[in-house]
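Visitor: I would like a close look at one part of this model, taken residue by residue and then set in the context of the whole chain. Please give the answer as one connected account.

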Amino acid sequence: MELYVEQAEAEPRTVYRLAVTVLAADEPEYATPIGTAVLDLGDHRSATLGYALRRDAWGNGYATEITALLCEFGFRTLGLHRLAARVDPENTASVRVLTKAGFQREGRIRHDLWLRGTWYDSLLFSLLEDEWVAPAAGRG
């Protein structure tokens with residue numbers, strides 16, 4: 001938590017970490033945390049986006065909603081030129097989310113992640129500002 005606060009207060013700010021929550025329809029002041037999202041700024045008006053959701057939240061459209069929000073924030077608010085995302089090749093749901101959002105697969109990064117004694121590959125996706133389709137007025 002300390003790291004997240006440090007990142008949020010940094011000048012200039014280079015990392016945006018968000019709590020992903022579901023609001024209760026009958027009690028909107030109460031939000032149930034279901035995951036996290038991040039936009040990590042890089043050089044040359046670029047950023048990497050990512051998200052992680054609790055397993056019981058999968059398949060409800062939250063990743064699609066998060067991706068759209070991060071694209072909107074990155075391109076419209078921060079004026080970025082390029083967004084990138086790395087995905088586990090076995091995570092076909094996230095591949096679909098990124099593809100649906102307009103991201104294009106750039107390639108496979110071999111042995112990109114060392115986790116619990118094993119190397120894992122990643123697929124690299126990107127979306128450029130002129131490829132991004134902004135939501136229609138009044139929809140977001």
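Guide: Thr-67 lies in helix 2 of what is a predicted model. Its relative accessibility is 0%, and Thr-67 therefore counts as buried, the cut-off for that class being under 20% relative accessible area. Setting aside neighbours within four places in sequence, Thr-67 is in contact with Tyr-51, Val-97, Leu-98, Ala-101 and Phe-103.

Two of these partners, Val-97 and Leu-98, lead to helix 3. Thr-67 also belongs to the contact between the two helices: Ala-63, Thr-64 and Thr-67 take part from helix 2, and Val-97, Leu-98 and Lys-100 from helix 3. In general, a pair of packed helices is described by the angle between their axes and the distance between the axes. Here the axes of helix 2 and helix 3 come within 10 Å and cross at roughly 40 degrees. That angle makes helix 2 oblique to helix 3, because angles under 35 degrees would count as roughly parallel and those from 65 to 115 as roughly perpendicular. The crossing in which helix 2 passes helix 3 is right-handed.

Helix 3 itself spans residues 92–100, and its buried residues are Ser-94, Val-95, Val-97 and Leu-98. These cover an arc of only 160 degrees around the axis, so they sit on the same side of helix 3. An α-helix has 3.6 residues a turn, so residues three or four places apart point the same way. On the other side of helix 3, Arg-96 and Lys-100 are exposed. Lys-100 is thus exposed and also one of the residues in the contact with helix 2.

The buried residues of helix 3 pack against helix 2 (62–77), and also against strand 3 (46–53), strand 4 (82–87) and strand 6 (118–128). Just after helix 3, Gly-102 takes a positive phi of about 105 degrees.

Phe-103, another contact of Thr-67, leads to the interior. The largest nonpolar core has 26 residues, and Leu-49, Cys-71, Leu-83 and Phe-103 are those with the most contacts inside it. At least two residues of this core come from each of strand 1 (15–23), strand 2 (31–41), strand 3, helix 2, strand 4, helix 3 and strand 6. Helix 2 gives the most, with five residues. Such a grouping has a general counterpart: in soluble globular proteins, nonpolar side chains tend to be buried together. Not counting residues up to four places away in sequence, Cys-71 touches Leu-49, Arg-76, Leu-83, Phe-103, Leu-127 and Trp-132.

Strand 4 offers a contrasting case in Arg-82. With a relative accessible area of 25%, Arg-82 is partly exposed. Beyond four places in sequence, Arg-82 touches Arg-45, Ser-46, Ala-47, Phe-75, Glu-106, Ser-126, Leu-127 and Leu-128. Leu-127 is thus touched by Arg-82 and by Cys-71. Arg-82 and Leu-41 are 41 residues apart in sequence, with a C-alpha to C-alpha separation of 10.0 Å.

The whole chain supplies the setting. It contains three helices and six strands, which run α-β-β-β-α-β-α-β-β from the N terminus on. Of its 140 residues, 29% are buried. Among contacts between residues at least 6 apart in sequence, 48% join residues at least 24 apart.

Definitions and conventions. Residues are numbered from 1 along each chain as its sequence is written. This is a predicted model: local features need pLDDT of at least 70, side-chain atom pairs count only at pLDDT 80 or more; totals for chains, interfaces and linings use all residues. Side-chain values use heavy atoms; hydrogens and water are left out. Buried means under 20% relative accessible area, exposed over 50%, partly exposed in between (1.4 Å probe, protein chains only). Helices (H or I, at least four residues) and strands (E, at least two) are DSSP runs, numbered from the N terminus. The arc is that of the directions from the helix axis to the C-beta atoms. Contact means heavy atoms within 4.5 Å. A nonpolar core is a set of buried Ala, Val, Leu, Ile, Met, Phe, Trp, Tyr and Cys residues joined through side-chain atoms within 4.5 Å. Axes are lines fitted to C-alpha atoms, for helices over the stretch in contact, and angles run from 0 to 180 degrees between N-to-C directions. Angles under 35 degrees count as roughly parallel, over 145 as roughly antiparallel, 65 to 115 as roughly perpendicular and the rest as oblique. A crossing is left-handed if the near helix is turned anticlockwise from the far one by less than a right angle, and right-handed if clockwise.
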